[in-house]
Amino acid sequence: MGLKITLKPGERMIIDGAVITNAGPKCHFIVENNVPILREKDILSTEKATTPAKRIYFAIQLMYIDNGNLAVHHNAYWDLVRDFLEAAPRSIAIIDKISNEILQGNYYPAMKTCKKLIAYEEEVISRVQ
């Protein structure tokens with residue numbers, strides 16, 4: 001059995017690189033094969049990738065949905081992570097967990113873990129301010 005998805009009116013998602021927007025009332029469909037799927041709540045646009053942790057998330061998102069340029073996205077990720085660790089070395093545990101997921105090709109779980117990195121970054125920034 002496939003993955004049953006319900007889209008609200010106007011809701012967007014990405015399925016295997018294709019951006020889909022529900023132009024009508026609530027719709028239901030089933031994805032019957034294994035493809036990268038991102039719901040709108042998990043999509044981060046380039047414009048919203050405004051912090052180092054969000055840029056890391058964005059790089060992982062690209063790994064997940066743009067398999068054809070995987071090497072480019074991996075290189076960007078490792079550069080971003082190196083810079084992040086220089087600025088916030090205490091984030092190593094979260095970064096290690098994300099990196100292990102990436103090395104195993106588990107990009108969606110890496111994105112979920114990266115949300116913890118974003119929260120950590122927000123916490124650190126709020127303490128500084």
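Which helix does K116 lie in? K116 belongs to helix α4, which covers residues 107-128. What you're looking at is a predicted model, so keep that in mind as you click around. In total, the protein chain has four helices and five strands. Here's a quick tour, topic by topic.

**The overall layout**

- Starting at the N terminus, the elements of the protein chain run β-β-β-β-β-α-α-α-α.
- If you draw a box along the principal axes, the C-alpha atoms of the protein chain fill roughly 45 × 35 × 25 Å.

**The sheet**

- Three strands make up an open sheet, and their order is β3-β2-β5. The pairing in this sheet is antiparallel.
- β3 (18-21) and β5 (37-39) sit at the edges with a single partner strand each, so one side of each has no neighbour in the sheet.
- On average, neighbouring strands of this sheet are turned by 20 degrees against each other, if you ignore direction.
- What holds strands together in general? Strands of a sheet pair through backbone hydrogen bonds, and the pairing can be parallel or antiparallel.

**How β2 meets its partners**

- Strand β2 spans residues 12-15, and three bridges join it to β5. The strands β2 and β5 run antiparallel.
- Want to trace the β2-β5 pairing yourself? Find I15, whose bridge partner in β5 is I37. Then look for I14, which has L38 as its bridge partner in β5.
- On to β3: four bridges join β2 to β3, and these strands run antiparallel too. One pair to look up here is R12 with its bridge partner T21 in β3.

**The turn between β2 and β3**

- β2 and β3 form a hairpin with two residues between the strands.
- Which residue in this hairpin takes a positive phi? That's D16, which lies in the loop between β2 and β3.
- The phi of D16 is about 50 degrees, even though D16 is not a glycine.

**Charges**

- K41, K97, K112 and K116 gather on the surface in a patch of positive charge. You've met one of them already: K116 is the residue in helix α4.
- How many salt bridges does the structure hold? The count is five.
- One salt bridge to zoom in on joins the side chains of R82 and D79, with 3.2 Å from N to O.
- Both R82 and D79 lie in helix α2 (residues 70-87). They are three residues apart, which is about one turn of the helix.

Key
Residues numbered from 1 in each chain as written. Predicted model: local features only at pLDDT ≥ 70, side-chain atom pairs only at ≥ 80, totals over all residues. Heavy atoms only, no water. Patch = residues over 30% accessible without salt bridge, like charges linked within 9 Å, V, L, I, M, F, W, Y side chains within 5 Å. Areas by Shrake-Rupley, 256 points an atom, 1.4 Å probe, with all protein chains shown as cover. Salt bridge = Lys/Arg side-chain N within 4 Å of Asp/Glu carboxyl O. Lys, Arg positive; Asp, Glu negative; His and termini not counted. Charge placed at Lys NZ, Arg CZ, Asp CG, Glu CD. Pairing = 2+ DSSP bridges. Axes fitted to C-alpha atoms, helices over the stretch in contact; angles between N-to-C directions.
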